[in-house]
Amino acid sequence: MKALKGRGEPGASVFVHMPGVVAQWVGIDGAGNWSITLTRRKRQVPNVEIFQSKPGFPNSKTAIYSFNIGNGPVLIGTK
């Protein structure tokens, strides 16, 4: 198992979506860190879509990453 981690606005949450694998909200700690444990190896997951949400603010754009290009993750787009 591998951890997928990132940074965000303290007190917010990120929604991590790997189609067909996981769709889960993850809390961001007071230092701005978040992480989720993957049950598959990173090269075995489809694209990963992540966006941030915080009460009273609009959601961020969704960032789309691929682990199947180069050493990944590689940002391949936003929506």
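Two strands pair if DSSP finds at least two bridges between them. Strands here are DSSP runs of E with at least two residues, helices are runs of H or I with at least four residues, and both are numbered from the N terminus.

A quick word on the setup: this is a predicted model, where local features need pLDDT of at least 70, side-chain atom pairs count only at pLDDT 80 or more, and totals for chains, interfaces and linings use all residues. Residues are numbered from 1 along each chain as its sequence is written, and side-chain values use heavy atoms, with hydrogens and water left out.

**Exercise 1. Describe the chain as a whole: its elements, its radius of gyration and its surface.**

Step 1: Start with the elements. There are seven strands and zero helices, which gives β-β-β-β-β-β-β along the sequence.

Step 2: Check the radius of gyration, taken over C-alpha atoms. The globule rule (2.2 Å times the number of residues to the power 0.38) gives 12 Å for 79 residues, and the chain's own value of 12 Å is close to that, so it is as compact as a globular protein of that length. Along the principal axes, the C-alpha atoms fill a box of roughly 35 × 25 × 20 Å.

Step 3: Look at the surface. Accessible areas come from the Shrake-Rupley method with a 1.4 Å probe, and for residues only the protein chains shown count as cover. The chain exposes about 5,000 Å², with carbon and sulfur atoms holding 52% of that. Buried residues (under 20% relative accessible area; exposed is over 50% and partly exposed in between, with a 1.4 Å probe and protein chains only) make up 28% of the 79 residues.

Step 4: Ask how far contacts reach in sequence. With contact meaning heavy atoms within 4.5 Å, residues 24 or more positions apart account for 43% of the contacts with a separation of 6 or more.

**Exercise 2. Lay out the strand pairing and find the sheet edges.**

Step 1: Put the open sheet in order. Five strands line up as β3-β2-β5-β6-β7, with antiparallel pairing.

Step 2: Find the ends. β3 (22-27) and β7 (74-78) each have a single partner strand, so one side of each is left without a neighbour in the sheet. From one strand to the next, the twist averages 25° (the axes are lines fitted to C-alpha atoms, and angles run from 0 to 180 degrees between N-to-C directions).

Step 3: Zoom in on one pair. β2 and β5 run antiparallel and are joined by five bridges, with S13 facing S53 of β5 as its bridge partner.

Step 4: Turn to β1 (residues 2-7). This strand pairs with β4 in the antiparallel sense over six bridges, and K2 stands opposite L38 in β4.

**Exercise 3. Which residues of the largest nonpolar core touch the most other members, and which strands supply it?**

Step 1: Fix the criterion. A nonpolar core is a set of buried Ala, Val, Leu, Ile, Met, Phe, Trp, Tyr and Cys residues joined through side-chain atoms within 4.5 Å.

Step 2: Pick the hubs. The largest core has 13 residues, and L4, V14, V16, W34, V48 and I50 touch the most other members. β2 (13-18), β4 (33-38) and β5 (48-53) each supply at least two residues of this core.

Step 3: Inspect two hubs. V14, in strand β2, is buried at a relative accessible area of 3%. Beyond four places in sequence, V14 touches residues including W25, W34, I50 and F51. With that sequence cut-off, V16 has L4, V22, W34, I36 and V48 among its contacts.

Step 4: Split β4 by face. W34, I36 and L38 make up the covered face, while N33, S35 and T37 sit on the uncovered one.

**Exercise 4. Is each of S35, N47 and T62 buried or partly exposed?**

Step 1: S35 is partly exposed, at 45% relative accessible area. Past four places in sequence, S35 contacts L4, K5 and V26.

Step 2: N47, in the loop between β4 and β5, is partly exposed at 30%. Residues touching N47 from further than four places away include H17, Y65 and I76. N47 and W34 are 13 residues apart in sequence, and their C-alpha atoms are 19 Å apart.

Step 3: T62 lies in the loop between β5 and β6 (63-66), yet T62 is buried at 13%. Leaving out residues up to four places away, T62 touches E49, I50, F51, G77, T78 and K79.
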